Amino acid sequence: MRLALSVVFSSIAGYLLGVDTVDFKTLILLAFGGYFMVGASNAFNQIIEKDLDALMSRTKNRPVPSGRMSVTTAFIIASVFTLLGIIILYTINKQTAMFGAISIFLYACVYTPLKTKTPLAVFVGAIPGAIPFMLGWVAATDNFGIEPGTLFALQFFWQFPHFWAIGWFLFNDYEKAGFFMLPTGKQDKGTAVQTIMYSIWTMLVSIIPVFGFTGRLELSIIAAIIVFALGLWMLYYAIRLFKLMTEKAARQLMLVSVSYITLVQIVYVIDKFLR
């Protein structure tokens, strides 16, 4: 539920950035379509990983691995959600439906199987994870260009410090299922350094619109300063993880990263309507 709502929030933020006049019918369709797409991805993921989920403390009580729901029932739900999601997004425009379908495919058919094979799974998973922010703009404009590409890049780079922080404080749990979530495969300085580097990349991408290179996606100087300051806040906790190397520091970075992406999207939207 929380993941689905965060995706819907990102999509709505992207939509508000792309429109000249808000069409509430489209906004509602986007919210429901996005929710169904995330639900479908999660359902397929739990079907594929049901045996592995049963090994981990944080996932063993999910409906399928706990036995509260059969695989058949879960597959029906996943299939129905996929169809509903694609149909609803298609009523907005074809490109929105296409990107939604790509997101489900990458998450369920590429990212999920790769999690037990290579740390590069996080790179693949960052693609569907970054689509929602961009999807909102495409829903608003029926166009994919530099603007939604920038929104995609921002949320793409943000995925790495966010998920590596999760992979760090849940390392022992993930290890039970054989998941490779950290770039070096270990809770070491190499992983912490890469977390810092991707936090910096996220900060830099987040202020690109202030320079006027991103078409209709603009950012005022004041908003850019606020966004950059938020990035420094996340970077501080990434550096703190490097210094302390503890699960507590990783958990704090994860929580800050969630607040960061939410606040940045809010600043982007407020700045647009105040300019």
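Q: Helices (H or I, at least four residues) and strands (E, at least two) are DSSP runs, numbered from the N terminus. Going by that, where does Asp142 sit?
A: Asp142 is in the loop between α6 (121–141) and α7. Before going on: this is a predicted model, where local features need pLDDT of at least 70, side-chain atom pairs count only at pLDDT 80 or more, and totals for chains, interfaces and linings use all residues. Residues are numbered from 1 along each chain as its sequence is written, and side-chain values use heavy atoms, leaving out hydrogens and water.

Q: What makes the phi of Asp142 worth a look?
A: Its sign: phi of Asp142 is near 55 degrees, which is positive, and the residue is not a glycine. Most residues other than glycine have a negative phi. Met245 also has a positive phi, about 55 degrees, without being a glycine. Met245 lies in the loop between α10 and α11.

Q: Why are those two loop residues called partly exposed?
A: Buried means under 20% relative accessible area, exposed means over 50%, and partly exposed is what falls in between (1.4 Å probe, protein chains only). Asp142 has 41% and Met245 has 26%, so both get the in-between label.

Q: What secondary structure does the chain have?
A: It comes to 11 helices and 0 strands. Read from the N terminus, the elements go α-α-α-α-α-α-α-α-α-α-α.

Q: How do you know that the chain is as compact as a globular protein of that length?
A: Set the radius of gyration against the globule rule. The radius is taken over C-alpha atoms, and the rule is 2.2 Å times the number of residues to the power 0.38. For 275 residues the rule gives 19 Å, and the chain's radius of gyration is 19 Å, close to that, so the label fits. The C-alpha trace spans about 50 × 45 × 25 Å along its principal axes. On the burial side, 50% of the 275 residues are buried.

Q: What share of the contacts links residues 24 or more positions apart?
A: Contact means heavy atoms within 4.5 Å. Among contacts in the chain with a separation of 6 or more, 71% are between residues 24 or more positions apart.

Q: How do you know that the span of α9 is close to the expected one?
A: The expected span is 1.5 Å times one less than the number of residues in the helix. Helix α9 (residues 189–206) has 18 residues and reaches 26 Å from first C-alpha to last, close to the expected 26 Å. Its buried residues include Thr191, Ala192, Thr195, Ile196 and Ser199. The cover over the buried residues of α9 includes α7 (146–169), α10 (221–244) and α11 (247–274).

Q: Why is Tyr15 called buried?
A: Tyr15 has 2% relative accessibility, so it counts as buried. Tyr15 belongs to helix α1. Leaving aside residues up to four places away in sequence, its contacts include Leu27, Leu30, Gly136 and Trp137. Tyr15 and Val269 are 254 residues apart in sequence, yet 9.5 Å apart C-alpha to C-alpha.

Q: What makes Ser10 and Gly34 count as buried?
A: Ser10 has a relative accessible area of 6% and Gly34 comes in at 5%, so both earn the label. Ser10 is in helix α1 (residues 2–18) and touches Pro132, Phe133, Gln155 and Gln265, not counting residues up to four places away in sequence. Gly34 is in helix α2 (residues 24–48); with that same sequence window left out, Gly34 touches Val8 and Leu89. The C-alpha atoms of Gly34 and Leu84, 50 residues apart along the chain, are 9.9 Å from each other.

Q: Why do Ile146 and Ile77 count as partly exposed?
A: Ile146 has 45% relative accessibility and Ile77 has 31%, so the partly exposed label applies to both. Ile146, in helix α7, touches Phe213, Thr214 and Gly215, not counting residues up to four places away in sequence. Its C-alpha is 6.7 Å from that of Gly215, with their positions 69 residues apart along the chain. Ile77 is in helix α4 (residues 71–92). The C-alpha atoms of Ile77 and Met181, 104 residues apart along the chain, are separated by 28 Å.
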